Structure formats: structure tokens, C-alpha cells
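Student: Could we go through this structure together, asking at each step what lies behind the words that are used?

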Amino acid sequence: MINKKVAIVGAGLVGSLWAVYMAKRGYQVHVFDRRPDIRKMKIVQGKSINLALSDRGWKGLEGAGIADVIREVAIPMHGRMMHAVDGKLTYQPYGKEGQAIYSVSRGLLNQTLLKCAAEHANVTFAFQHRCKDVDLDTNTLVFHDEVSGQEVRDSFDQVFGTDGAFSAVRSRLTRLDRYDYSQNYLDHGYKELEIPAHADGTHQLDSACLHIWPRGEFMMIALPNVDGSFTCTLFIPFEGEHALANLKTPEAVRAFFEEHFPDAVPMMPELVDDFFANPDASLVMTKCYPWHYKDRVCLMGDAAHAIVPFYGQGMNAGFEDCTYLNALLDEHHDDFASVLPEYTRLRKPAGDAILQLALNNYIEMRDKTADREFLLQKRIEGRFSEKHPQLWKSLYEQVSFSHTPYQEALHNGHRQQKIMDRVMEMEDIETKWDSEEVEQRMLKLLEIHK
Ligand SMILES: Cc1cc2nc3c(=O)[nH]c(=O)nc-3n(C[C@H](O)[C@H](O)[C@H](O)COP(=O)(O)OP(=O)(O)OC[C@H]3O[C@@H](n4cnc5c(N)ncnc54)[C@H](O)[C@@H]3O)c2cc1C
């Protein structure tokens, strides 16, 4: 055991995973959360967001030795299924044979991670403790105990801020001189809905896919749950022609869905009730720098990098923070004075890059996945990558099925898009897309755009 007391502020996805890592390293781990203990709550699937877990997330779980427990509640999704307005379905695999991203219920995942952390005798929990402030001189955390109404103070050797997009720990850092911070909201919000299971508990849609209804300015997606339901999310502007602001009556909601998602409506018997029961939720993006303070305070997960959800990478990036920080602790023998600046140096560019990638992917998902030219481009890339795996990995694969730093993936993606723009300009590309000529052209362009 290490005779050092560490605080993890926020027992969400990243905080509870990091608690397992720190417990295994032998620290005295104290986990705080403002909410009640989620392990005691009943998780109703279809009513809770589910998340796509991909390779970076799995690596974070494997590093803590708990991937197998999570695998039991994860459903593989091998590709996207696009639903056109006329009901036509188009399937696009995410990667190569056998590659998949996994749908996991946020609530179940959080419960499972907390249970894994609680198996370690050196982990204690204090729920309904809302962090109000951090005294950076003494590393003292100030909490409001939501049950007793009292203020609670305690000091720690290390503080990890894993308290999400509106982090109180980060908020304290933003008051430091020369601390960089920005927060922006997307003009689009989201609404959660449900496609329940058939009466026999089976899925109404193919559960091996992430379903997308791309409609230009807005889109709906659906991810499968293990109980046979799908959690749907409608992403749509707050204001404008097609907007949450116009969906204020049951008639308007029904008419909107019947016009734009006619194949989904018969599968959503509670559509109107769900629509008005669930809030209009907003999407925030934050950037900050640095992600640490001296050798004591460190931000991880959304507290460091809140991003939009369109690449399904927020949690994955947070789990990757755990992988990196743990590796740095190994490398520097738990010397936080060396580890924390290095952590910021390595991870800040990754956080910025995945935000950019996620913003770009929103346009791709809601707009381009319905576009013939885009689908053709993906087929050309897929064929080329099969033949030349060393030369070409699609951007999606780099982000979801590799551990290439996000900033490198972003850079490679720009380069590949330049090449594909030239390829798509080739005469009769629709008919000769799988020809030797196109392949040779791509090899040549790769030489030019080195
Ligand atoms: C609609 C949507 C879909 C998404 N889909 C995906 C996806 O498919 N794949 C993916 O990888 N990511 C996805 N994400 C992103 C993912 O949800 C987040 O990146 C992830 O939850 C971040 O984990 P975290 O632990 O950093 O923060 P959180 O999960 O937000 O946890 C923060 C914790 O801190 C606690 N807390 C907050 N303030 C305080 C305080 N002052 N004191 C004490 N405790 C506090 C909270 O109660 C909470 O338990 C999605 C996000 C949204 C909104």
C-alpha cells in the first residue's frame, strides 16, 4: 500500500474507472459524487442513454482488468444502417470483418464500474457530496453534504477532477492567472426516445447495427439494449424550420415523425409521451489548458474535454486518459511532479482533435450518410484499404479501431480527404470505382500527398 490519500471527485464513468486503477496502484482512494449511489438504483434500459464503446475504451477497461465484466452487457454493432424516408435501408460496415463498436447502457456501465472499484478495500465512497471548491494551497476539498446540509472539508495528496463537463474542480483552476478556458454550446440539442422490444423480448430492428435516419439538418439514431429495446436520440436544432421550438404539441410531434421517420413511428408506441417526458437536452463543448495544477490536481474525462457525441468518443477518450495517466505513473514511478505536465502535454492535443473530429462527424452522419457520392467514396476507400492495409486505414477505423493519437488521425483524415476529392473527380468514377485504374491513381496520389 502507498501511504497517500487521493480524492476522485466525480464517480461517473471516468472517475469510477480511475478509482479501480488507483486502488490497484495501492493508494488510499476516496471517491465523491454529488448524486446518490447509482448502484442502488434500478436502471430502466431504453430510458437511459446508451453509449458506443470502441477500442480505446476497451483498452482503458482492460488496463484495469475489468473488460470481461463489461463485455457481458455490451452489444456489438458492426455497421451503420441508414433509413431513408421511403424506408429504403442501406448498410455500411464500420470497419473490416469482425470489427465492431459496442452499445452499452450508461447506467449499467456506471454501476458495474463502481462495483469493481468497491471490491478494493482501499476505496471509500461519499455520495451526495457536492464539491464546491478546492483550496489549492492546502489541497483541501470543500463539499456540501446534500443529506446533512453541512459543509465538509478534507485534504488530500492528490486530487483528480472527474466531475464532468461542468466540473467544480476545473472551475477552481479557471480562476488561476493565465488559465485558458472556453465553453460553447451547439445550436442543436437532443431528445431521447425509445423503441421497445417485441412482446417476446426480441429487437424490432437489427441489433447488430447502429441505426441512423439522416435528414440533413437533423437526424435520429438508435442503439440496441440487451433487454431488446433501442434507445433513440433525435439530434435537431433548437430553433429554425425543423427545430425543437416547433415541436411543442402532440400533433406537431406526430406529424413531424410521420413525415421524416415514417418507418420508425409504428415501432414507437410511446413516442409522444416520451417526447414530452424527456427534456430538451443541450450539447456543450469545453476546452481548457493545462489539465493539471502543479503536482497535485489533475483533470480527466469530460472535466478536461467535454465534446459533442457524434463520434461516440467522449467516454472512450476519457478511458484513454486513464490508460495514458497510468502508463505515465509506471514510467515515472508515481512521481506526480513529472507525470502531470507530461499528461497535459500528451493529452491536450488529443482532446482538441477529438472535439474537431466529432464536430466534423455530425455533418457526415446527418447529411452525408444519405449521399450516394459519399457512400461510393467509402466503398472505394474500403476496397483500397482491403488491398493495401498498410497504406490506408479509413478515418473511422483510425478513431474507433486503433490507438493512433486523435491528433494524428485528424491529420491523416485531412490528407486522405484531399486524395479522395481528386479520385471522385475522375471521369465515370461510378462505373470504374473498383478498377485497376482507380487503384493506381490512389497509389500515385499517396506519393504526391506524403
Ligand atoms: C447524448 C450523448 C451521447 C453520448 N454518446 C457517447 C458514445 O456513444 N460514446 C462515448 O464514448 N461517449 C459518448 N458520450 C459522452 C460521454 O457521455 C461522456 O464523455 C462521459 O460520460 C464522460 O465521463 P465523465 O466521467 O468524465 O463525466 P460524467 O459521466 O458526466 O460523470 C461526472 C460525475 O461527476 C459528478 N459530479 C458533477 N459535478 C460534481 C460536483 N460538483 N461534485 C461531485 N460530483 C460531481 C456527476 O454526478 C457524475 O457522476 C455521449 C454524451 C451525450 C451527451
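Tutor: We begin with a sheet and then turn to the ligand, keeping in mind that this is a predicted model.

Student: What makes β4 and β7 a pair of strands?

Tutor: Two strands pair if at least two bridges are found between them. Strand β4 and strand β7 (residues 101–105) have 3 bridges in the antiparallel sense, so the requirement of at least two is met and they count as paired. Within this pair, M77 stands opposite I101 of β7.

Student: Why are β3 and β4 said to stand at the edges of the sheet?

Tutor: The open sheet has 3 strands in the order β3-β7-β4, with antiparallel pairing. Because β3 (50–53) and β4 (75–77) each have a single partner strand, one side of each is left without a neighbour in the sheet. On average, and with direction ignored, neighbouring strands here are turned by 35 degrees against each other. Helix α4 (residues 106–118) packs on this sheet, where it touches β3 and β7, and its direction makes about 80 degrees with that of β7.

Student: Which residues come nearest to the ligand?

Tutor: There are 32 residues around the ligand, and those that come nearest are G10, G12, G164, G301 and G314. Two or more residues of the shell are given by each of α1 (13–25), β3, β9 (129–135) and α8 (314–331), and α8 gives the most, with 4 residues.

Student: How many residues of each class does the shell around the ligand have?

Tutor: The shell has 14 nonpolar, 12 polar and 6 charged residues; Gly counts as polar in this scheme.

Key:
Residues are numbered from 1 along each chain as its sequence is written. This is a predicted model: local features need pLDDT of at least 70, side-chain atom pairs count only at pLDDT 80 or more; totals for chains, interfaces and linings use all residues. Axes are lines fitted to C-alpha atoms, for helices over the stretch in contact, and angles run from 0 to 180 degrees between N-to-C directions. Two residues are in contact if their C-beta atoms, placed from the backbone, lie within 7 Å. A residue is near a molecule or strand if its C-beta atom, placed from the backbone, lies within 6 Å of it.
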